[in-house]
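The following exercises concern the strand arrangement and the ligand surroundings of a protein model. Each task is followed by a worked solution.

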Amino acid sequence: MNKLVITGGAGFIGSHVVRQFVLKYPDTLIINLDSLTYAGNLENLKDIEEETNYKFIKADITDSKHILDIFEEFQPDGIIHLAAESHVDRSITNPLDFVMTNVVGTVNLLNAAKHIWKDSFEGKRFHHVSTDEVFGALGEEGFFTEETNYDPHSPYSASKASSDHFVRAYADTYGLPIIMTNCSNNYGPNHFPEKLIPLCIHNIINNKPLPIYGDGKYTRDWLFVIDHAKAIDLVFHNGNQGESYNVGGFNEWKNIDLIKELCKQMDEKLGRKTGASEKLITFVKDRPGHDLRYAIDASKINRELGWEPSVTFEEGLSKTIDWFLSNQKWLNNVTSGEYQNYYEKQYK
Ligand code: NAD
Ligand code: DAU
C-alpha cells in the first residue's frame with residue numbers, strides 16, 4: 001500500500017483534502033498528522049474516521065524528533081503539507097508562532113522527507129500548500145501569475161513566503177522532488193469562524209454586528225474549498241515536478257459587496273425581512289498593512305491539468321450557509337471557550 005502523510009488534516013482545508021484522498025484512493029494509507037491547535041478539530045472528519053485506509057497521529061511539526069520518528073516508522077511516499085498558522089490577524093498579534101509553525105515546522109518536514117528518501121527520490125513527492133498572499137497586493141488591475149515576484153506584507157504572508165523559499169531551496173540544493181500550489185481565499189463547510197465569511201454567518205445567526213475593516217473595498221478572489229481539494233489532488237498526481245501552480249476562483253468580490261450578498265441569502269434562508277441582516281454591518285478599525293486586492297490567474301492549472309472551479313459562487317455560498325445552519329452544534333463548540341477571549345480582544 002502507498003502511504004501518504006497529510007499535515008494539518010484536522011483543519012479547514014486539510015479535512016477536505018483528507019476526505020477527498022481517503023475516499024478516492026482506498027489503496028493508499030492516508031496519515032493525518034496534526035497537533036490539534038485551536039483551529040484543528042477531529043469532528044471535521046467524523047464521517048471517514050473508521051475507514052481502514054485512514055490514520056490520525058497527533059504531532060507537532062515543530063517537534064523535529066517526533067516528526068522524524070513518524071516518518072521513519074511509516075516511510076510515506078508522499079507528503080501534502082497544509083499544517084500552518086493561517087490567520088492574518090493572529091499573525092499581527094503573535095508573529096513568532098507563525099515563524100515556528102510555518103517556517104521551522106516546514107523545514108522539519110523537509111529534513112525528515114530528505115532523510116527517509118535518501119536512497120532514492122524516485123516516485124516520491126513533497127507537495128507544499130501555499131497562498132496567494134506571498135505575492136503581496138494588487139492595485140485595481142492585474143493578476144498574480146506563477147512568475148509574480150514575492151512581496152509579502154503581513155507576518156503570516158512573510159512566514160508562508162519564507163516556507164515557499166525553503167521548499168524551493170531543498171529542490172535546488174538537494175534535489176528534493178517538490179511541487180507547490182498557491183491558492184486564493186477559500187470558503188465552505190468547516191471554515192473556522194475567525195475568518196470573514198464564517199464569522200459573519202455566525203454573527204448573522206446571533207444578530208451580532210458584522211465587523212467590516214476600513215471602507216470594505218478590499219477585494220479577495222473566493223474559491224469553494226472542495227475545488228481547492230480537487231486542485232491539490234490533480235497537482236499532486238499530475239503536476240510537473242519542481243513547479244508551482246496558482247489556484248483561484250475567477251471570482252473577485254469587494255468585502256462589502258460579498259457581505260451584502262451573504263446577508264441577502266441568509267435573510268431568505270432564515271425567513272427574515274429583506275435587509276434585516278444588512279443592518280448589522282458595522283465598519284471597524286482597519287487591519288494594519290491590509291492588502292488591497294488579491295486575484296489569481298489560474299490559467300496554467302486550467303490549461304495543463306484541466307482544472308476549473310465546479311460551482312458558481314452563488315451555489316457555493318448557498319451550500320456553505322446551509323452547512324452552517326445544519327451544523328450549529330459544531331459552530332457552538334468551536335466558538336465557546338478560547339474563541340470568546342480572542343473575539344473580545346480583536347473586536348473590543
Ligand atoms: P486552518 O488554520 O483551518 O488549519 C490549520 C491546521 O494545521 C489545523 O488543523 C491545526 O491544528 C494544524 N496545525 C497548526 N499548527 C500545527 C503544528 N505546529 N503542527 C501540526 N499541526 C498544526 O488552516 P486552513 O485555512 O485550512 O489552511 C491550510 C493551509 O492552506 C495553510 O497552509 C494555509 O496557509 C493554506 N491556505 C489557506 C487558504 C485559506 O483561504 N484558508 C488559502 C490558501 C492557502
Ligand atoms: O488569500 C489566501 C488567504 O486567505 C489565506 O492564505 C489565509 O490563510 C486566509 O485566512 C485568507 O486570508 P484573508 O486575510 O484574506 O482572510 P480573512 O477571512 O481574514 O479576511 C478576508 C477579508 O475580509 C480581508 O480583506 C479582511 C476582511 N475582514 C476580515 C475579518 C476577519 C474584515 O473586513 N472583517 C473581519 O472581521
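Two strands count as paired if DSSP finds at least two bridges between them. The model is predicted.

**Exercise 1.** Determine which residue of β10 stands opposite N182, and place this pair in the sheet.

*Solution.*
- Step 1. The residue opposite N182 is N246 in β10.
- Step 2. Strand β6, residues 178-183, pairs with β10 in the parallel sense over four bridges.
- Step 3. The open sheet holds seven strands, in the order β3-β2-β1-β4-β5-β6-β10, with parallel pairing.
- Step 4. At the edges stand β3 (54-58) and β10 (244-247); each has a single partner strand, so one side of each lacks a neighbour in the sheet.
- Step 5. On average, neighbouring strands of this sheet are turned by 20° against each other, direction ignored.

**Exercise 2.** Identify the strands that helix α7 touches on the sheet.

*Solution.*
- Step 1. Helix α7 (residues 225-238) packs on the sheet and touches β1 (2-7), β4 (78-81), β5 (125-131), β6 and β10.
- Step 2. The direction of α7 makes about 145° with that of β5.

**Exercise 3.** Describe the surroundings of ligand 1.

*Solution.*
- Step 1. There are 29 residues around ligand 1, of which I13, D34, S86, Y156 and K160 come nearest.
- Step 2. By class, this shell has 13 nonpolar, twelve polar and four charged residues.
- Step 3. Polar backbone atoms lie 2.9 Å from a ligand oxygen atom at G11 and 2.8 Å from one at I13; for a backbone N or O atom of T37, the distance to an oxygen atom of ligand 1 is 3.0 Å.
- Step 4. The protein covers 96% of the 840 Å² of accessible area that ligand 1 has on its own.
- Step 5. Two or more shell residues come from each of α1 (12-24), β5, α5 (155-174) and β7 (185-187); β5 gives the most, with three.

Definitions and conventions:
Residues are numbered from 1 along each chain as its sequence is written. Chains are lettered from A and ligands numbered from 1 in the order in which they are written. This is a predicted model: local features need pLDDT of at least 70, side-chain atom pairs count only at pLDDT 80 or more; totals for chains, interfaces and linings use all residues. Side-chain values use heavy atoms; hydrogens and water are left out. Axes are lines fitted to C-alpha atoms, for helices over the stretch in contact, and angles run from 0 to 180 degrees between N-to-C directions. Contact means heavy atoms within 4.5 Å. A residue is near a molecule or strand if one of its heavy atoms lies within 4 Å of it. A polar contact is a pair of N or O atoms within 3.5 Å; within protein, one must be able to donate a hydrogen and the other to accept it, and residues adjacent in sequence count only if both atoms are side-chain atoms. Accessible areas come from the Shrake-Rupley method with a 1.4 Å probe; for residues, only the protein chains shown count as cover. Ala, Val, Leu, Ile, Met, Phe, Trp, Tyr, Cys and Pro count as nonpolar, Asp, Glu, Lys and Arg as charged, and the others, Gly among them, as polar.
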